[in-house]
Amino acid sequence: MTAALASAIGEICDGVGRDPTRLLDVARAVQERFRCVSTAATDHIAKELGVPRGDVDGLVSFYAFLSREPKGRVVIRLSDDIIDRLHGFDRVRDAFGRALGIEPGQTTPDGAITLETTSCIGMCDQAPAALVNEVVVTDLSTDRAREIVGDLRDHMEPARLVRTFGDGNNAHDLVRAMVNNNIRAEGPFVLSELQRGEAVSKAIGVSPAEVIRAVKTARLRGRGGAGFPTGMKWEYARNAEPPDGSRRKFVICNADEGEPGTFKDRVILTERADRVLAGMTIAGYAIGAEEGILYLRDEYAYLQRYLEHLIDERRGDGLLGPRILGTDFGFDVRIQMGAGAYICGEETALINSCEGKRGDPRNRPPFPAQSGYLGCPTIVNNPETLCCVTKIIETGPATFCAHGSPASSGTKLLSVSGDCHAPGVYELPFGLTLRALLDRAGAADAAAVQVGGPSGTMVAPDHFDRRIEFDDLATGGAIMVFGPDRDILEIVRGFMDFFVHESCGYCTPCRVGNVILRDRIARIIDDRGEPSDLDELETLSQTIRATSRCGLGQTSPNPVLSTLESFRSAYEQRVEADPDGFRRSFDLASSVCLTVSPDARPSSGGREPSP
Amino acid sequence: MNAPITITIDGVEVPATPGQTILEAADAAGIYIPRLCYRPGLEPYGGCRVCMVHVAGRACAACTQPVSPNMVVENDTGELQEQRKMIIEMLFVEGNHFCMFCEKSGNCELQALAYRFGITAPRFDLFFPKRDVDASHPEILIDHNRCILCAGCVRASRDLDGKSIFHFTGRGPDRRIAVNAEAQLAATDADVTDRALDVCPVGALLRKREGYRTPVGQRPYDQAPIGSNDQPEEA
């Protein structure tokens, strides 16, 4: 066994040229083959790649889809986000658990099937959903859960769980997924039909500076959420000098779509990946890069073969490779698979991940445009941004600016989910009101809308006339609709669970502060809150926001801050002062008990019950 | 290129050199910015967030932010001091810190900062985490209960000792220091002369049988509060 393991790892490492920066690929391959990266495997990998053992262990322990202990041959990962919870996640989870005879986090005694929960897998418009190895199963019910377990027991082939394919390229021979695109509004830019090669050939017909000028004239801003001006980012990278002796610069497409409630990049990659690849090529031309990386989240691994096929096709058509369309400009793309970490959507964490490291964000400066992947000037763009670039080149900046609002040109893809009749993807011009969107989505009775995912803003009905644009309700595209019967505090708790789970733990306020925030919210839900809690929640949130090291921590208190502002009564109704002046938060029973009471919440925050 | 520049910290003009960080310039000028994970000679880490300052209204870590000409830095403001205090409290509740039983007492930067900030008891509930002690090595002790994840040992072992004995494992609240072996420190090539043992700001990484060489009461922070001008600076 040990000899077999050693030789298999040797082969895997040879497959990446024994390049330590491909450690994540190696670990993923070992995980797939041996269902874990064991202690022995960790030693072998470290030896083969010539890196400290700690580098391998640190990496394996960081990513949710890698494990030290063996997983089952089939791993069922139930998507656990607030939208799944609205649509019966608890019942589905319990149905899987009963059918398998195990709890989430466990593997059946025969080693066949592991049941787990995972953060949002990008299927909120068809929730509850799950990954069965790489296969996505959607619209789950308790019946369907039992059927899936029965079928797996029968044949252990996740691919056979897919009975009917979804629409569009979901039915492509290299995808074969039951996922649906649910495109509700096909706008003029991102989701528009394209003629392969048009954008790239137009771009390389002019100078790189002219390409950047067009992107600037179009006033294109990044679609991932932060809204940084794309042309400016490209110009920094164009003017940046690679480190000594190197001419390398990089274009990275951030397809690590992990913000709960967002799934528009999935639809782009399914239907308009050609635009994404064209956008990367144009970006490469503009900044002087010859290499691109498409970082694909592991949850979308079912799209990997299809995307590789598209890359091959484009090479065949002379649109990727050493001499694009016969010119001296060369550019090629490789796919980097993630391994389950929301934080890798942060651009410097993503760069670390591409380098085969833990997805801890980096200190800035230097910014990636100066020193990014392998220390070279690097731009990181969202797939939707890159699609916009192709359209700007195809039709000119003026056409692009004709849509949207003055400060927010063009269209935005919105992922709508939750309590509405028409969940799915909408490409609509920037500047539309939230109310207009809700009307289109059939959400007339919406009582609260989370714009921008957990790190965004919870909007109350008296603010539904606010506009979706960078200067008002900025969003990466997640629109989660909540009806009048939903408990705002439960939603907040769900979001805080998410941030605690996904924090990298590098800096104090995010690592510790979010646990405290989550537990305070839980305490209020458990009717042990006091009026003073509200001010303390606010102060704590402000500190986390002001002092955290990256965007995750700087936005993680937003669920608390925005609901304290817009839904304050939801808190006030749940807190009261003890008439005798005792601290209501003090739980006598659990404080004198040596064991955890059965109804105490499991402590996933590294806490143990007090002795 | 390296012509001296001037920055302003709390209204005081301070000379600085391009390439310096705000913290380095402040130290050189004798202005104290509270910090925990910063160590002279080690790559800045930016993890504890105690050294947060404001530059033109924007928050940044003084240990990682380079100076620029005419930069205006706010350091000693009520808002920043409150935030720093809260971060220190977070570190106290996250681990198991029992100063009265700790051999590092009086020589511990976390404890000293608590005194400086007037923290008598943290305002948050203690986590009481279950953490391990690794006493496997004959001369070195790791007590994870007291670790504040400052990465001092990680950086020093990697960059000063060339050994990479320490690394981070896990993420989020489960992030921990681990050693470069299957289980314990005794299986690594850690040595009592390693410089990594000199940088722990708390009592998490210690040489055995040395803790009480200096009697309690005569230790650095027993003499003067942390951040005093006459504070002896350790290696």
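How many helices and strands does the secondary structure of chain A comprise? With the whole of chain A selected in this predicted model, the secondary structure amounts to 24 helices and 17 strands. Chain A has a radius of gyration of 24 Å, close to the 25 Å that the globule rule gives for 611 residues, so chain A is as compact as a globular protein of that length.

Remain with the whole chain and align the view along the principal axes: the C-alpha atoms fill a box of roughly 80 × 65 × 50 Å. Next, display the surface, where chain A exposes about 22500 Å², 48% of it supplied by carbon and sulfur atoms. Of the 611 residues, 61% count as buried. Among contacts with a separation of 6 or more, 71% join residues 24 or more positions apart.

Colour the charged residues next. Chain A carries 69 positive and 87 negative charges, and the mean positions of these two sets are 3 Å apart.

Now select residues 23–34 of chain A, which form helix H2. This helix of 12 residues reaches 16 Å from its first C-alpha to its last, close to the 16 Å expected at 1.5 Å a residue. Show its side chains: the buried residues of H2(A) include A:Leu23, A:Leu24, A:Val26, A:Ala27 and A:Val30, as well as A:Asp25, A:Arg28 and A:Gln31.

To see what covers these residues, add helices H1 (2–15), H3 (39–49), H4 (53–62) and H14 (347–354) of chain A. Strands E8 (291–296) and E9 (332–337) also belong to this cover.

Finally, step to A:Arg35, just after H2(A), where phi is positive at about 65 degrees.

Technical notes: Residues numbered from 1 in each chain as written. Chains lettered and ligands numbered in written order. Predicted model: local features only at pLDDT ≥ 70, side-chain atom pairs only at ≥ 80, totals over all residues. Heavy atoms only, no water. Helix = DSSP H or I, 4+ residues; strand = E, 2+ residues; numbered from the N terminus. Rg over C-alpha atoms; globule rule 2.2 N^0.38 Å. Buried < 20%, exposed > 50% of the residue type's maximum accessible area, 1.4 Å probe, protein only. Contact = heavy atoms within 4.5 Å. Areas by Shrake-Rupley, 256 points an atom, 1.4 Å probe, with all protein chains shown as cover. Lys, Arg positive; Asp, Glu negative; His and termini not counted. Charge placed at Lys NZ, Arg CZ, Asp CG, Glu CD. Expected span 1.5 Å × (residues − 1).
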